[in-house]
Amino acid sequence: MKILPLLLLCLPVAAHAAWVDFEGEFEEEKPWVEVAAQLPPYPKAENLIPFDVSAATRNRFLVDAASISVGSDGVVRYTVVVEAAGGAKNVSYEGLRCAAGERRLYAYGHPDGSWSKARNAGWEPVKFRSLLSYHKALFEDHFCPDGISVRDAEQAVQSLRRASR
């Protein structure tokens, strides 16, 4: 019987320790881990959706709707095609990390429909001050409105199609 009051005195201390541990599980920042990106099929003309970047460029910018994905890591991945006014065409597979305002190049596309993995392709900040940055346009207008990633590829495609009308 003399032990009961002693145990009752220890109860708040034990409860506090458990609560601190409980809060710590939610407040701890877990390190971000990128999911391995899988290269999509080479883009087909019928899947390309144009998007505006700036009146300051004569280039034409398009995203392959079939290539858009939103990973469990929060990265929006897509194939972009840039057609220069002189006729040159650049194809690349890229990603936007909305939470960090970063972009990454995964691979370059070749006219024969093959891909070459990009070398030294780490995450870089999106250039938000550049009028010619298609990354900025995709980030702000389509894939990361208010810095928050779209839910899924369908939402991204809808945003691009609404803007291209």
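Hi everyone, let's start from the outside: this protein chain exposes about 11000 Å², and carbon and sulfur atoms supply 55% of that area. Please keep in mind that we are looking at a predicted model. The chain has 165 residues, and 33% of them count as buried.

Now for the overall layout. You can find three helices and seven strands in the protein chain. Walking along from the N terminus, the order is α-β-β-β-β-β-β-β-α-α. If we take the contacts with a separation of 6 or more, 45% of them come from residues 24 or more positions apart.

Let's go inside. In soluble globular proteins, nonpolar side chains tend to be buried together. Here, the largest nonpolar core holds 24 residues, and Phe51, Ile68, Leu138 and Phe143 touch the most other members. Which elements give two or more residues to this core? They are β1 (48–51), β2 (60–70), β3 (75–83), α2 (134–143) and α3 (153–164). Helix α2 contributes the most, with five residues.

Leu138 is a nice residue to click on. Setting aside its neighbours within four places in sequence, Leu138 is in contact with Phe51, Val63, Tyr78, Leu96, Phe143, Cys144 and Leu160. Apart from this core lies another one, made of eight residues, including Leu62, Val81, Tyr93 and Trp115.

My last stop is strand β5, residues 102–109. Is β5 mostly covered or mostly uncovered? Mostly covered: six of its eight residues are buried.

Let me take its partners in turn. With strand β4, residues 89–97, β5 pairs in the antiparallel sense over seven bridges. One place to look is Val91, whose bridge partner in β5 is Gly109. The hairpin of β4 and β5 has four residues between the strands, and there Gly101 takes a positive phi near 65 degrees.

Next comes strand β6, residues 115–117, which pairs with β5 in the antiparallel sense over three bridges. Gly109 turns up again here, with Trp115 as its bridge partner in β6. You may remember Trp115 from the eight-residue core. β5 and β6 also form a hairpin, with five residues between them, and Gly113 in the turn has a positive phi of about 90 degrees.

Finally, there is strand β7, residues 124–125. β7 and β5 pair in the antiparallel sense over two bridges, and Glu102 has Pro125 as its bridge partner in β7.

So, to recap β5: β4, β6 and β7 each pair with this strand in the antiparallel sense. Thanks for listening, everyone!

How values were computed: Residues are numbered from 1 along each chain as its sequence is written. This is a predicted model: local features need pLDDT of at least 70, side-chain atom pairs count only at pLDDT 80 or more; totals for chains, interfaces and linings use all residues. Side-chain values use heavy atoms; hydrogens and water are left out. Buried means under 20% relative accessible area, exposed over 50%, partly exposed in between (1.4 Å probe, protein chains only). Contact means heavy atoms within 4.5 Å. Accessible areas come from the Shrake-Rupley method with a 1.4 Å probe; for residues, only the protein chains shown count as cover. A nonpolar core is a set of buried Ala, Val, Leu, Ile, Met, Phe, Trp, Tyr and Cys residues joined through side-chain atoms within 4.5 Å. Two strands pair if DSSP finds at least two bridges between them.
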